[in-house]
Amino acid sequence: MFNNDDLKCLDPAYFNIIAVDNYDVTIMSRNTGYYWYIHNCEWPDVGSVVVFHKHRYQHPYYQHNRANTLSQAVRSIKRHDRWQINGRKW
């Protein structure tokens, strides 16, 4: 379950916060316009946060990765944004 301390990592200057509840967060990156859906499964403990992603509102989500915490998921999203903005250099 996400608590109020967890949710503090959602910077409204960086993300358009679409929906938030105890187990789910839906955000849009203001940098790339990409949508992110973050779900807290609470089981198993490690990797219990699943990060889904889509490029446009009309597109379906696909699983992007897993994380242990919401803040770890947000850091991963920001790294993905930097990678995308910088020309997807490998």
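**Exercise 1.** In this predicted model, work out whether P12 is buried or exposed, then find what P12 touches.

*Solution.* Start with the number: P12 has a relative accessible area of 52%. Exposed means over 50%, so P12 counts as exposed. Next, place the residue: P12 sits in the loop between α1 (4-7) and β1 (15-20). Now look for partners, skipping residues up to four places away in sequence: P12 touches I17 and R30. Take R30: 18 residues separate P12 from R30 in sequence, yet their C-alpha atoms are 9.2 Å apart in space.

**Exercise 2.** Find which strands pair with β2, and how.

*Solution.* Go one side at a time. β1 runs antiparallel to β2, with 5 bridges joining them. A hairpin of 3 residues links the two, and F15 stands opposite S29. Then turn to β3: here too the pairing with β2 is antiparallel, over 5 bridges. This hairpin has 5 residues between its strands, and G33 in the turn has a positive phi of about 80°.

**Exercise 3.** Explain why β2 can be called largely enclosed, and follow V25 into the core.

*Solution.* Count first: 6 of the 6 residues of β2 are buried, so the rest of the structure largely encloses this strand. Check each face: D24, T26 and M28 are buried on one side, and V25, I27 and S29 on the other. Now the core: the largest nonpolar one has 17 residues, and V25 and I27 are among those with the most contacts inside it. α2 gives the most to this core, with 4 residues. Finally, V25 has I38 of β3 as its bridge partner, and its contacts beyond four places in sequence include F2, W36 and L70.

Technical notes:
Residues numbered from 1 in each chain as written. Predicted model: local features only at pLDDT ≥ 70, side-chain atom pairs only at ≥ 80, totals over all residues. Heavy atoms only, no water. Buried < 20%, exposed > 50% of the residue type's maximum accessible area, 1.4 Å probe, protein only. Contact = heavy atoms within 4.5 Å. Core = buried A, V, L, I, M, F, W, Y, C linked by side-chain atoms within 4.5 Å. Pairing = 2+ DSSP bridges.
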